[in-house]
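Thanks for asking me to look this one over. Here are my notes, set out as numbered points so you can follow along in the viewer.

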Amino acid sequence: VCDYSNEYGNEEIVVGNVNKLFVVPTGFCGHPKKGHLIFDACFESGNLGRVDYISDFEYDLFIRPDTCNPRFRVWFDFTVDNVKEYQRVIFNIVNFSKTKSLYRDGMAPVVKSTSRPTWQRLPSKNVYYYRCPDHRKNYVMSFAFCFDRENEVYQFAYCYPYTYTQLQRYLDNMEKRNLDYVRREMLGVSMQHRRLDLLTITNPANLSPGAEQKVVFITARVHPGETPASYVCQGVIDFLISQHPVAKILRDHLVFKIVPMLNPDGVFLGNYRCSLMGFDLNRHWQDPSCWAHPTLFGVKQLIVQLYDNPKASVDFYIDIHAHSTMMNGFMYGNIFEDEERYQRQAVFPKLLCQNAEDFSFSNTCFNRDAVKAGTGRRFLGGLLDDTSYCYTLEVSFYSYIIAGTNNTLGVVLDFENSLDRKCIVPISNLLVTNKINHERPFFFVPEEYK
Ligand SMILES: [Zn+2]
């Protein structure tokens, strides 16, 4: 008998999302009462595989592993319902597949509720990340929360979600503007028949027959859980289609080809890293299959077509990702034998560093390890001419540190005031922890709440 416990993060395999699951004390009979929480993750990008009742105040939550690939358990996104007013809870996410996390450095999950539909980060003082002896020494993230309104549905997520539908809505609205310098096409469909969108942004004169095309190719969300990549990508698109004079100059001189969501099924399913069939698509650039990796296959085919077109040159390729353990934005680039090419490649990240306070050149690195050979950046670095530039742009899931300080510029909105307003004991008093040793928070409930 194999012991899958390490591989799967727990004794039991978690398959499928919880579906309007009432969580009641063990042995409880009869109708669930107010305060017996209902957990649900059966919605787009939802992820929660299992809930264990510890007490009315504490629940162990299990991330549902990526479809067909139990090794990845990071993204979560679920709702909680049937709460009692001022009910306070601790949720423990107990089966992360990673050990390092920005939750240790101040990152916090995001929350919204029916009457407050804008996502906000929880205060980081309510978040604990530590190695837990109760869960095979897994790293556990615990957060304390107070449900302040009785008839609300609360939703919690690993980071700000950005769904497939959200992208579709954004692109639909953009299309309605009928800008003559933007073209939206369907480059293909995913295994579950979702759109693989391609945008071409350029002055239409650059697309006339015989015109030379200097192409900048941008892709994002090959890793579905890396939602910050979509916010960056949308920001790039918003700028490029704007009336900003620089945007206009860029459109006049360059052709931008943008694939904003390379892995639409993975995004829809609430995976962190993989496609529907469990592939990390960013390891399959060398030989994507049209049936197993259809979206990657389509994008690669287009890039090869552009490469073979004597009138076109792909000068820049940027694949946008999000990083779960590092602060700031930074890049990965390739190492070349040719020293001159290597130096030339460092220019762009250096320029970014000088112009963007959240981008760090010191975190930027150039590598050629075998494990990354199937990435877009590495593959295209090998394919394209040596005058081209290929990068992975990483942006932190959390925040950035301004050079020369220890200050974190996290957009930490304070949801807590509204949550704690009428609580007699502030929720942070319920948690005592030794953050240095990352021990389990000691949880107690004062008499009046029992
Ligand atoms: Zn990634």
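1. A word on terms before the pairings: two strands are taken to pair if DSSP finds at least two bridges between them. Please also keep in mind that this is a predicted model.

2. For the overall picture, the chain has nine helices and 21 strands. Of its 450 residues, 43% are buried. Looking at contacts between residues at least 6 apart in sequence, 72% join residues that are at least 24 apart.

3. A good place to start is the pairing of E12 and E13. Strand E12 covers residues 182-189 and strand E13 covers residues 195-201; the two run antiparallel and are joined by seven bridges. If you would like a register check, Gly188 has Leu196 in E13 as its bridge partner.

4. Which strand does E13 also pair with through three bridges? That is E15, residues 255-259, and this pairing is antiparallel too. Here Ile201 stands opposite Phe256 in E15. As background for reading these strands, side chains in a regular strand alternate between the two faces of the sheet.

5. Now for the backbone angles. Most residues other than glycine have a negative phi. His193, which is not a glycine, has a positive phi of about 65°. His193 sits in the loop between E12 and E13, a hairpin with five residues between the strands. Is His193 buried or exposed? His193 counts as exposed, because it has 9 C-beta neighbours inside 10 Å and the cut-off for exposed is 12 or fewer.

6. Asn328 deserves a look alongside it. Asn328 is not a glycine either, yet its phi is positive, at about 70°. Asn328 belongs to the loop between strand E16 (312-323) and strand E17 (329-334). Asn328 is buried, because 24 other C-beta atoms lie within 10 Å and 20 or more are needed for that label. So we have a positive phi in an exposed loop residue, His193, and another in a buried one, Asn328.

7. Finally, please have a look at Asn367 in strand E18, residues 365-367. Asn367 has 12 other C-beta atoms within 10 Å and is therefore exposed; the exposed class takes in 12 or fewer, so this count falls right on the cut-off. Leaving aside residues up to four places away in sequence, Asn367 touches Tyr332, Ile335 and Lys372. Asn367 and Gly333 are 34 residues apart in sequence, while their C-alpha atoms are 6.6 Å apart in space.

How values were computed:
Residues are numbered from 1 along each chain as its sequence is written. This is a predicted model: local features need pLDDT of at least 70, side-chain atom pairs count only at pLDDT 80 or more; totals for chains, interfaces and linings use all residues. Helices (H or I, at least four residues) and strands (E, at least two) are DSSP runs, numbered from the N terminus. Two residues are in contact if their C-beta atoms, placed from the backbone, lie within 7 Å.
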